[in-house]
Structures are given as structure tokens and as C-alpha cells.
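Me: I'm in my first year and still learning to read these pictures. Please pick one part of this model, take a close look at it, and then show me what else is worth finding.

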Amino acid sequence: MEFLLILLAIVIICGFVATPAMRRRRAGQDALRGAGAAVDPAGAHGFLPPERLDERLPGPDPELLAAVAEARRTQDWKPAAELLSRTPAGSELRWHRVLTLAGAAARELMESPGTGGLWLRHWRVVAPKDAGGAAVQAQFLLLRALHDPSSQDYRMILEEAREVCAEASLLAPGDPVPAIIELGIARGLGVSEAEFQSRWETVLARAPQHMGAHLVALRYWSASWHGSQEQADAFAQRAAAGAAPGSLLPALPLFAVFDHLPDVNLVRTLFQSVVIREAVEAAQFAVNHAPADHPELPQVRHLLAWFLVNAGRYGEALEHFRAVDGHVGALPWTCTPEPVTAYTLCRAQAVAGWERTRA
């Protein structure tokens, strides 16, 4: 499936690939099948049909997709390099674009071992001092390692990624992107809490309100990696408490909740609990006050829609579905084998539930 590794890149970086989590998502999908058969929301409510949904990104970025398509079609790295050169350093957008370009190169290598993703190698050879190319290569190496943690080359690839990451930092002093990539490398290497905290403080000094960076750091503290539910919750709550006006950080506790949902049949009473209700309300607040073009805003909306449907708050969920409809490359859909199916089934349940309340 085209761009599958881009989706896997997002999932791997955020850390939601554990088997219990996959079982939770499948259980949620099973609960939605009746609603999916009962209603077609694409017509009566103006939603796009499944065949028109885009799995590549959480929200629109036509310039990025054009650069990825050109690299894939012609192996020309220059459009990607030019795009990154005019993407502001320190912005969430630059992080998203580096992550997506790395995922695209990794996908090509998976499809054609030895020859896939040559455009990235050409980029690094022809323009070795290009900070964007170094960042993309470092992220590419991290994805290669995390794609097969059981490989005997796992640590060697991560160490290579660390070297390239250090090079990227030297080429772009102050840019948080290499430091964010280093967080993923450190998590993969299983560094101590003290070392990880030191690296996290470097990121904070460069981009204290960076939502993407916080999502990466959250994974280290989660139970699925090197922490616990209590540590992840504490990290998320501290970040939310220190959020600046317009920041999406108040939504971080919702991601911590998502990562630690119990591996049991999920019932509505769970989603109506105080902890989840407060996390949802905080995320709603963040969405309502964030800039409309914030790159992480679609991701938060997707997750909110899922939680709201499970809580039976269908009308509110529909507002978020309307805002993101057309793009499904986001959590929680990317935790399932078929993101479009998961998305459309949940959207269908929102429509069906909303219509029942109006009947």
C-alpha cells in the first residue's frame, strides 16, 4: 500500500505499536461494524466516500506530497531540499516534513532493497552540508532500525543515526529537529532516565511548546517503552500545565491516556470516566484556541473524534470529523491494518449516534 511506511513512521515514532494496543483497536473496530452497515455518511452528511480518503498524512500539505511524488517518480531530491530550505527552522511543520520524507525513502527501500530511496543518498552525496538532508537521513536510519528491532544490526544502525544526527545539529545550530530525532534514537538505545532527561532539556531549550517533540518524549516515559503509566501521565500533565496560549500541549494527556488504555473490552463507562473526560475537555480547549494551521491540529482532532464517539458524544465527534475529513493518516486509525476502514466505521457510528439523538 503506497505510503504505508509513512504511516508506520508516525506510529513507530509515537510508540503505539504494542500488541495490546493493536488488540484494543481491533476490538473497537469490531464494535463499529454494525454502525458501518447501517448508514452511509458520505452522501447525506457530505462526507467523502472511502475511495477519496487520503492515508498519507493527518491533514493537507500539498507541497510536501508533491515533493515526495517527484522524488519517487524521478529520484530528484532537489524539490524536497528546496521545500525544507524554506520551511522555518523550529517549526512543527519542519518536523512533519522531515519525518514524512524519511518515511517515503524508507518505504522505497523496503519495496526495492538496494535501489529504493536513491534520491536521499544522492542528496547526501551531492549536498553533504545541507542540514535538511542530514536530518532526513538521520530520521530515515532511525526508522530502519525501529522497523526491525530484532535485527542484529539494530544498535549499529541506531549508532549511525546518532552520528548523522550530530552532524545535522552542527549544520543547523538551534534547530530542534535533530534534537527531536535524537530523542527517538535515545529511546531505541534504551538510555538511562538521566541521559534522556538531559537530551529532553536540550529540546525544551530550543522549542518549549513543540507538540511533536512532546509526543516523541512521551513515548520514552510510557509503559510500552521505559516508563510507566504514572510517569507518562505526570509528564503529560506537567507539559499541559506549562502550555502557552495557543499551544496544543493541553491535549498531551489525551495521548497518554490513549497509550495506556486497558487491554480489555472497552465499554462506554470507561470513556465517561473522570480521567478521560478531563483529558478530552483539555484537548477540546487546546483545539479551540490553537492556530487553524497548526500542523498537529489534525492529529489531535482525529484522536478526539475517536474518544468522543466511544463516549457517546456523537455531535461533538462529527465536528472534528468534518474538520479533518479527507485525511486519515493519523492515530488512532494508523494503529489498525486498514486505516480507511477504521476511520469510516467510526465516522459512521458518529453519524448513526447523532441521528438517533435527533429522532
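Reply: Let's start with two aromatic residues, Phe196 and Tyr220, both of which are buried. Keep in mind as you look that this is a predicted model.

The structure has 14 aromatic pairs in total. Phe196 and Tyr220 make up one of them, and their rings are stacked, with 3.9 Å from centre to centre and an angle of 10° between the planes. Follow the chain and you'll see that this pair ties distant parts of it together: Phe196 sits in helix 11 (residues 193–206), while Tyr220 belongs to helix 12 (residues 211–221), 24 residues apart. If you want more rings to hunt for, try Phe258, Phe271, Trp306 and Phe307, which ring pairs join into a cluster.

Now swing over to helix 5, residues 78–85. Its buried residues are Ala80, Ala81, Leu83 and Leu84. Look straight down the axis of helix 5 and these buried residues fit within an arc of 160°, so they line one face of the helix. The general idea helps here: an α-helix has 3.6 residues a turn, so residues three or four places apart point the same way. What do the buried residues of helix 5 pack against? Their partners are helix 4 (62–74), helix 6, helix 7 (118–126) and helix 8 (131–147).

Helix 8 is worth a stop of its own, as Leu143 is found there. Is Leu143 buried or exposed? Its relative accessible area is 4%, and the cut-off for buried is under 20%, so Leu143 counts as buried. You can also find Gly184 from here: it is 41 residues from Leu143 along the chain, yet the C-alpha atoms of the two are separated by 9.4 Å.

Helix 6, one of the partners of helix 5, leads us to the last stop, the largest pocket. The volume of this pocket is about 480 Å³. Its lining is made of 23 residues, and those nearest the centre are Pro60, Asp293, His294, Pro295 and Pro298. Helix 6 (92–111), helix 17 (297–310) and helix 18 (314–324) each give at least two residues to that lining, and helix 6 has the largest share, with five. What kinds of residues are they? Twelve of the lining residues are nonpolar, six are polar and five are charged.

Terms used. Residues numbered from 1 in each chain as written. Predicted model: local features only at pLDDT ≥ 70, side-chain atom pairs only at ≥ 80, totals over all residues. Heavy atoms only, no water. 1 Å grid on protein atoms, 1.4 Å probe; cavity = no way out; pocket = protein on both sides within 12 Å on 5 of 7 lines; lining within 4 Å. Points joined across faces, edges and corners; volume = space filled by probe spheres on them. Helix = DSSP H or I, 4+ residues; strand = E, 2+ residues; numbered from the N terminus. Nonpolar A, V, L, I, M, F, W, Y, C, P; charged D, E, K, R; others polar. Buried < 20%, exposed > 50% of the residue type's maximum accessible area, 1.4 Å probe, protein only. Arc of directions from axis to C-beta. Contact = heavy atoms within 4.5 Å. Phe/Tyr/Trp six-rings, centres within 6.5 Å; stacked < 30°, edge-to-face > 60°.
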